[in-house]
Amino acid sequence: MLGYAVGTTIFLLTALAVAGSLPNATIAGSARPIALAAEHAVGPWAGAVIGVAAIAAALGTLNGWILMAGRIPLSAAADGVFFRPLAAVHPRYGTPVKALVVGTAVSSAMLLLYFTHTLLGVFNWIVLLAVLLTLLPHLFATAAEIKLGGQAASRSVAVIAFVFVLYTIYGVGLSVILWGLVLVLAGIPLYFVLRKSGR
């Protein structure tokens, strides 16, 4: 929770710094507003430093996503709520090979669905869909806290968090929300089938 709070604070302070140092029209028309703000405040070299930092952050995030794409199906399969073969790990390296292959196939299929868009557009769509599916557990957790929380202060914080998560979900766009809804609804009958069959 402390790390989450620190990360959120840094993000908000950065957003405020960018919004306060550049005109809105300049920020809206730029694909690299943080680098632009750094160049404006310090000099051209600062933009290059921000760019290198962004590349490093993207690589770290991509690495985390790859690991997550293998471990989530593996964990679900081990709990009996997903296809059992995906719980298998490589005998020598201990990696969830089948889950990684299936996750890559699903991601590739999603890319093909949006092949008419630019590569950046497809990437943005996938990121927004991933963000949406990450936000749903947060929404359920805040709703549970509102319903089950004991203290008034805790419930008040949960209400604020619930509204914020709803607003963030609204911000991903209608197309992404509809795709997310389709994925969630598709998972419901699959869950019961797998639980019943024990596969």
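Student: How many aromatic pairs does the structure hold?
Tutor: This predicted model holds three aromatic pairs.

Student: Why is the pair of tryptophan 125 and tryptophan 179 called edge-to-face?
Tutor: The ring centres of tryptophan 125 and tryptophan 179 are 5.8 Å apart, and a pair needs centres within 6.5 Å. Their planes stand at 85 degrees; an angle over 60 counts as edge-to-face, so that is the name the pair receives.

Student: Which parts of the chain does this pair link?
Tutor: Distant ones: tryptophan 125 belongs to helix 6 and tryptophan 179 to helix 8 (residues 174-197), with the two positions 54 residues apart.

Student: What makes tryptophan 125 buried?
Tutor: Its relative accessible area is 6%, and buried means under 20%, so tryptophan 125 is buried.

Student: Why does tryptophan 179 count as partly exposed?
Tutor: Tryptophan 179 has 31% relative accessibility. Buried ends at 20% and exposed begins over 50%, so tryptophan 179 counts as partly exposed.

Student: Which residues make up the largest nonpolar core?
Tutor: Eleven residues, among them Met110, Trp125, Leu132 and Ile169. Helix 6 (119-148) and helix 7 (152-171) each supply at least two of them, and the largest share, six residues, comes from helix 6.

Student: What does isoleucine 169 touch?
Tutor: Leaving out residues up to four places away in sequence, isoleucine 169 touches Leu132, Leu135, Leu136, Leu139 and Ile177.

Student: Which residues of helix 3 are buried?
Tutor: In helix 3 (residues 33-41), Ala35, Ala37 and Ala38 are buried. They cover an arc of only 160 degrees around the axis, so they lie on the same side of helix 3. Their cover includes helix 1 (2-21) and helix 4 (44-78).

Key. Residues are numbered from 1 along each chain as its sequence is written. This is a predicted model: local features need pLDDT of at least 70, side-chain atom pairs count only at pLDDT 80 or more; totals for chains, interfaces and linings use all residues. Side-chain values use heavy atoms; hydrogens and water are left out. A nonpolar core is a set of buried Ala, Val, Leu, Ile, Met, Phe, Trp, Tyr and Cys residues joined through side-chain atoms within 4.5 Å. Buried means under 20% relative accessible area, exposed over 50%, partly exposed in between (1.4 Å probe, protein chains only). Helices (H or I, at least four residues) and strands (E, at least two) are DSSP runs, numbered from the N terminus. Contact means heavy atoms within 4.5 Å. The arc is that of the directions from the helix axis to the C-beta atoms. Rings of Phe, Tyr and Trp (its six-membered ring) pair if their centres lie within 6.5 Å; planes under 30 degrees apart count as stacked, over 60 as edge-to-face and the rest as tilted.
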